[in-house]
Amino acid sequence: MTDESNPSAQKFLKQVGSSFESETGASVKMEFVGRGSSGSERVIQLLQAGDPPEIFTANQSQAISWAIRGILAPVDEPLATGKERLGELPGENARTILEGNEYSVPFGANAGCYWYRADVVEDTVPSTWEDTLAFAEKANGKSGLKGSYVPAGSDSSTTYHFLNWLYSNEGTIAKRENDEIRIAVGDSENRSRWVETMNFIKDLHQYSPDATDSTWSTMIQAIPNETSASNWYGGARPKVQAAKADKPFAADLHPVPMPKNRQRVGDGSADGFVTFKGADTEVAHAFLEFFLQMENMVQLPFELAPVHVVSPWPTVVSSDAWKENVDQLPDAWSKDDIQTYMVDVMESYQPVSHETEPPNPYAESLLGSNHITNFVQEVLINDKNPDDIVDDYASKLESTLKKAKQ
């Protein structure tokens, strides 16, 4: 079962399933569910019915949350097979490890970075907070463009936008002390990072549309649709969409890793195959081991979204087959853009669940609470001073964490 909605990816997965059927005689049933909460809801429904799926494609926050609840079965054996075939495992930031066991077989990842049109402003690269504001100011109004796009809508894109700037400012949501997760927003130094980050976003918002109806889709399309000259996004889809649409400026649209205030780190996440206790883990492992072949591990990310989804397996992205696929990308993709996103960006990301070590099993609950989105909206829409309201939202996050632990 997967929440992947891309038709080409669905077709590819069906082809792999048919090949597995032919080779093993097993019967493969694939179910495609909606992205986001509907996927989790379908999993929970099947778990409650005593009929969990053998395999689901989960992000890291989902996987670590389910692993800590004892819902997932380990996948150490398939990963060992993957290491034998592919040479080495992905780095730990792409894996879901709890108490020494692996709970996900990663196949793709993406990370937050900043996109900008060099044809609009030629003398400024938004590589720091200061440069980002300078770029947005210079670009604002040129050819009817806004300088940037800052989401102020009610969905999760507003939360993740804030978190990427927070991480680049060495801020955090949670910390682990004495093996317990706690909310760290109120810690004196960290509290100042939250306020500083929110004030920066407010400054950037003056060069953006109001964006009170923003979604992930509007952020993807802000540059391709010629709304803004720059903006953050969690991956490479702005470039993908501009290149697909043959926009004349697509070749001048470039990524930089998260603009730095105190560090160059953004949010990111790997998606992977997980399996469940109570399912037929033997057949699940057989399918995963069948899938863990170079040709499949190369092709799936390209079917999902070329370059936007990058394989976290080092030997896959260095393979001849991967390079051949890269060579087929539209001319708008320069080697420098590909290198920047696939190497510099993908090596400087941190999943929300990995703020702590071991990972935070309550990250999904904290992100799903919408408190961070509401905090941003209070400042950008209602013109509240972040210093006046941050403690209230710290308290709200603490209440959410308390409920998640019960």
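The following dialogue explains how several descriptions of this predicted model are reached.

Visitor: What makes the overall dimensions of the protein agree with those of a compact globule?

Guide: The comparison rests on the radius of gyration. A compact globule of 406 residues would have a value near 22 Å, and the protein has 21 Å, so the two agree. Along its principal axes, the C-alpha trace spans about 60 × 50 × 30 Å. The chain forms 17 helices and 12 strands.

Visitor: How much of the protein is buried, and how much surface is exposed?

Guide: Buried residues account for 55% of the 406 residues. The protein exposes about 17,000 Å², of which carbon and sulfur atoms supply 42%. As for the contacts with a separation of 6 or more, 77% of them join residues 24 or more positions apart.

Visitor: How far apart are the mean positions of the positive and negative charges?

Guide: The protein has 34 positive and 60 negative charges, and their mean positions are 3 Å apart.

Visitor: Why are the buried residues of helix α5 said to line one face?

Guide: Helix α5 covers residues 129-139, and its buried residues are Trp129, Thr132, Phe135, Ala136 and Ala139. Seen down the axis of α5, these buried residues fall within an arc of 125°, so they line one face of the helix. A general rule helps here: an α-helix has 3.6 residues a turn, so residues three or four places apart point the same way.

Visitor: Which exposed residues does the other face of α5 carry, and what covers the buried ones?

Guide: The face turned away from the buried side carries the exposed residues Glu130 and Glu137. The cover over the buried residues of α5 includes strands β6 (113-117) and β9 (230-233), together with helices α6 (156-168) and α7 (188-205).

Visitor: What is found just after α5?

Guide: Gly141 is found there, with a positive phi of about 95°. Ser143, in the loop between α5 and α6, also has a positive phi, of about 55°, although Ser143 is not a glycine.

Visitor: Why is Ser143 called exposed, and why is Ala211 called buried?

Guide: Exposed means over 50% relative accessible area. Ser143 has 76% relative accessibility and therefore counts as exposed. Buried means under 20%. Ala211 has 5% relative accessibility and therefore counts as buried. Ala211 is found in the loop between α7 and α8 (216-221), and its phi is near 55°, a positive value in a residue other than glycine.

Visitor: What makes Gly186 partly exposed?

Guide: The term applies between the limits of 20% and 50%. Gly186 has 44% relative accessibility, so it counts as partly exposed. Gly186 is found in the loop between β8 (180-183) and α7. Beyond its neighbours within four places in sequence, Gly186 is in contact with Arg191 and Ala394.

Visitor: How do Thr281 and Lys11 fall with respect to the same limits?

Guide: Thr281, in helix α10 (residues 281-291), has a relative accessible area of 27% and is therefore partly exposed. Residues up to four places away in sequence aside, Thr281 touches Ala73, Thr275 and Phe276. Lys11, in helix α1 (residues 7-24), has 55% relative accessibility and so counts as exposed. The C-alpha atoms of Lys11 and Glu303 are separated by 8.9 Å, with their positions 292 residues apart along the chain.

Visitor: Why is Leu163 called buried, and which residues does Leu163 touch?

Guide: Leu163 lies in helix α6. Its relative accessible area is 0%, and Leu163 is therefore buried. Not counting residues up to four places away in sequence, Leu163 touches Ile173, Val352, Leu367 and Ile372. Leu163 and Val352 are 189 residues apart in sequence and 8.5 Å apart in space, C-alpha to C-alpha.

Visitor: How do you know that the peptide bond from Glu357 to Pro358 is cis, and where does Pro358 lie?

Guide: The bond is cis, with omega near -5°. Pro358 lies in the loop between β12 (349-350) and α15 (363-368).

How values were computed
Residues are numbered from 1 along each chain as its sequence is written. This is a predicted model: local features need pLDDT of at least 70, side-chain atom pairs count only at pLDDT 80 or more; totals for chains, interfaces and linings use all residues. Side-chain values use heavy atoms; hydrogens and water are left out. Buried means under 20% relative accessible area, exposed over 50%, partly exposed in between (1.4 Å probe, protein chains only). Helices (H or I, at least four residues) and strands (E, at least two) are DSSP runs, numbered from the N terminus. The arc is that of the directions from the helix axis to the C-beta atoms. Contact means heavy atoms within 4.5 Å. The radius of gyration is taken over C-alpha atoms; the globule rule is 2.2 Å times the number of residues to the power 0.38. Accessible areas come from the Shrake-Rupley method with a 1.4 Å probe; for residues, only the protein chains shown count as cover. Lys and Arg count as positive and Asp and Glu as negative; His and the chain ends are not counted. The place of a charge is taken as NZ of Lys, CZ of Arg, CG of Asp or CD of Glu.
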